[in-house]
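Grab a pencil and work through these exercises. Try each task yourself before you read the solution.

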Amino acid sequence: MYWNYTDIYNEITENWQQLEQATYPDDLLNEWADRAVPIYSNDVIKDWQLMPSEFDNSFQEHFGGNIGDLTIIQLMQIDLYEYYRSEYARIYEVVKTEREGFSYCANCNAEIDDEFNNPFTKFCETCETKETEGK
Ligand SMILES: [Zn+2]
């Protein structure tokens, strides 16, 4: 399956907490980019043709022309990996900008609109009310 902007955007937003909590979000993004690269030749060829042509021959940056005995399919997979890697990194920045000022409730994980980016805001309104009532 060819991953377009919306597909990648959705995956990043759906897994946003995981990314935020990761020590190395780039590692996660690269892992997802790697997973987006198809395995079967037919799919590789199809996705490679849909990929923007600026990523054609990305493999040359990897190997400096020294491609050894890699097949054309393997080279296309490297191009696709480079393409997805750059897309994931770019869209991650988009989502990060959109999410600025949001944090998560320590109790129920609900999104909190923390417009002041207050590091001490830990609970959503519902949980905060419960906390106060409990005391
Ligand atoms: Zn809550």
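Here are three exercises, each with a worked solution.

This is a predicted model, where local features need pLDDT of at least 70, side-chain atom pairs count only at pLDDT 80 or more, and totals for chains, interfaces and linings use all residues. Residues are numbered from 1 along each chain as its sequence is written.

**Exercise 1.** Work out how the elements of the protein run from the N terminus on.

*Solution.* Start by counting: you'll find seven helices and two strands. Helices (H or I, at least four residues) and strands (E, at least two) are DSSP runs, numbered from the N terminus. Now read along the chain, and the order is α-α-α-α-α-α-β-β-α.

**Exercise 2.** Find the domains of the protein and say how far apart their C-alpha centres lie.

*Solution.* First, split the chain: domain 1 covers 5-100 and domain 2 covers 103-135. These bounds come from an automatic or database domain assignment. Next, take the C-alpha centres of domain 1 and domain 2, which lie 35 Å apart. Finally, look at the whole C-alpha trace: along its principal axes it spans about 70 × 25 × 20 Å.

**Exercise 3.** Decide whether arginine 99 is buried, partly exposed or exposed.

*Solution.* Locate the residue: arginine 99 sits in helix 6 (residues 72-99). Recall the cut-offs: with C-beta atoms placed from the backbone, a residue is buried if 20 or more other C-beta atoms lie within 10 Å of its own, exposed if 12 or fewer, and partly exposed in between. Arginine 99 is partly exposed because it has 15 C-beta neighbours inside 10 Å. As an extra, tryptophan 16 is 83 residues from arginine 99 in sequence, yet their C-alpha atoms are 9.4 Å apart in space.
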